[in-house]
Amino acid sequence: MSTTQRLPVIVLIIWFAVITAFMLLNQALDLEVFFVLALIGLLVVVELIDTTTVQPRYLRLIKYVIAVGVLLFGYIVASKIMEIVAR
């Protein structure tokens, strides 16, 4: 793995650690909030490393992971809306 491939992984690990630290300090561990913030971090990193001319295989595979993440995000939003409407 080259340095250019390691940097996004390191940035994501630091982002996940920051999210976890703030959640622990706030004493509010919520998997849905963690997932949404992690997805935002992944989207930002992929947008920064994405090129217009050549797209490596690993970047195409990450975009499938993002698509699944967006679907899960939609499910979380829909469930929260249903929870609010039920009240």
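Which residues in α1 meet which residues in α2? Let's walk through this predicted model with that question in hand. From α1, the residues in contact are Pro 8, Val 11, Leu 12, Trp 15, Phe 16, Ile 19, Thr 20 and Met 23. Their partners in α2 are Val 33, Phe 34, Leu 37, Ala 38, Gly 41, Leu 42, Val 45 and Ile 49. By class, this contact holds 14 nonpolar residues, 2 polar ones and no charged ones.

Now look at how the two helices are arranged. The axes of α1 and α2 come within 10 Å of each other and cross at roughly 155°. Angles over 145 degrees count as roughly antiparallel, and α1 and α2 are therefore roughly antiparallel to each other. Their crossing is right-handed.

Let's take α1 by itself for a moment. This helix covers residues 3-26. Its 24 residues should span 34 Å at 1.5 Å a residue, and the end C-alpha atoms are indeed 34 Å apart. Pro 8, Leu 12, Ile 19 and Met 23 are buried in α1, and what covers the buried residues of this helix includes α2. Pro 8, Leu 12, Ile 19 and Met 23 are also among the α1 residues that meet α2.

Other positions in α1 face a different environment. Thr 3 belongs to this helix and is exposed, with a relative accessible area of 64%. Leu 25, also part of α1, counts as exposed because its relative accessibility is 70%, and the cut-off for exposed is over 50%. To get a feeling for distances, try Leu 25 and Pro 8: they are 17 residues apart along the chain, and their C-alpha atoms are separated by 26 Å. For Thr 3 and Leu 29, 26 residues apart along the chain, the C-alpha separation is 33 Å.

Next comes the loop between α1 and α2, where you will find Gln 27 and Asp 30. Gln 27 sits just after α1 and takes a positive phi of about 55°, although this residue is not a glycine. Is Gln 27 buried or exposed? At 76% relative accessibility, Gln 27 counts as exposed. Asp 30, at 32%, counts as partly exposed. If you look from Asp 30 back to Thr 20, 10 residues away along the chain, the C-alpha atoms are 9.9 Å apart. Thr 20 is one of the α1 residues that meet α2.

That brings us to α2 itself, which runs over residues 31-49. With 19 residues, α2 reaches 27 Å from its first C-alpha to its last, close to the 27 Å expected at 1.5 Å a residue. Val 36, Ala 38, Leu 39, Gly 41, Leu 42, Val 45 and Val 46 are buried in this helix. Those buried residues pack against both α1 and α3, so it is worth turning to the other partner. The third helix, α3, covers residues 57-86. At 1.5 Å a residue, its 30 residues should span 44 Å, which agrees with the 44 Å between its end C-alpha atoms. Leu 59, Ile 66, Gly 69 and Ile 76 are buried in α3, and the cover over its buried residues includes α2.

How do α2 and α3 pack, and at what angle? The angle is about 145°, with the axes 10 Å apart, and α2 passes α3 in a left-handed crossing. On the α2 side, the contact is made by Glu 32, Phe 35, Val 36, Leu 39, Leu 42, Leu 43, Val 46 and Ile 49. They meet Leu 59, Ile 62, Lys 63, Val 65, Ile 66, Gly 69, Val 70, Leu 72, Phe 73, Ile 76 and Lys 80 in α3. These residues divide into 15 nonpolar, 1 polar and 3 charged. Leu 42 and Ile 49 are listed here and also in the contact of α2 with α1.

One last stop in α3 is Val 77. This residue is partly exposed, with a relative accessible area of 33%. Val 77 and Leu 43 are 34 residues apart in sequence and 18 Å apart in space, C-alpha to C-alpha.

Methods
Residues are numbered from 1 along each chain as its sequence is written. This is a predicted model: local features need pLDDT of at least 70, side-chain atom pairs count only at pLDDT 80 or more; totals for chains, interfaces and linings use all residues. Side-chain values use heavy atoms; hydrogens and water are left out. Helices (H or I, at least four residues) and strands (E, at least two) are DSSP runs, numbered from the N terminus. The expected span of a helix is 1.5 Å times one less than its number of residues. Buried means under 20% relative accessible area, exposed over 50%, partly exposed in between (1.4 Å probe, protein chains only). Contact means heavy atoms within 4.5 Å. Axes are lines fitted to C-alpha atoms, for helices over the stretch in contact, and angles run from 0 to 180 degrees between N-to-C directions. Angles under 35 degrees count as roughly parallel, over 145 as roughly antiparallel, 65 to 115 as roughly perpendicular and the rest as oblique. A crossing is left-handed if the near helix is turned anticlockwise from the far one by less than a right angle, and right-handed if clockwise. Ala, Val, Leu, Ile, Met, Phe, Trp, Tyr, Cys and Pro count as nonpolar, Asp, Glu, Lys and Arg as charged, and the others, Gly among them, as polar.
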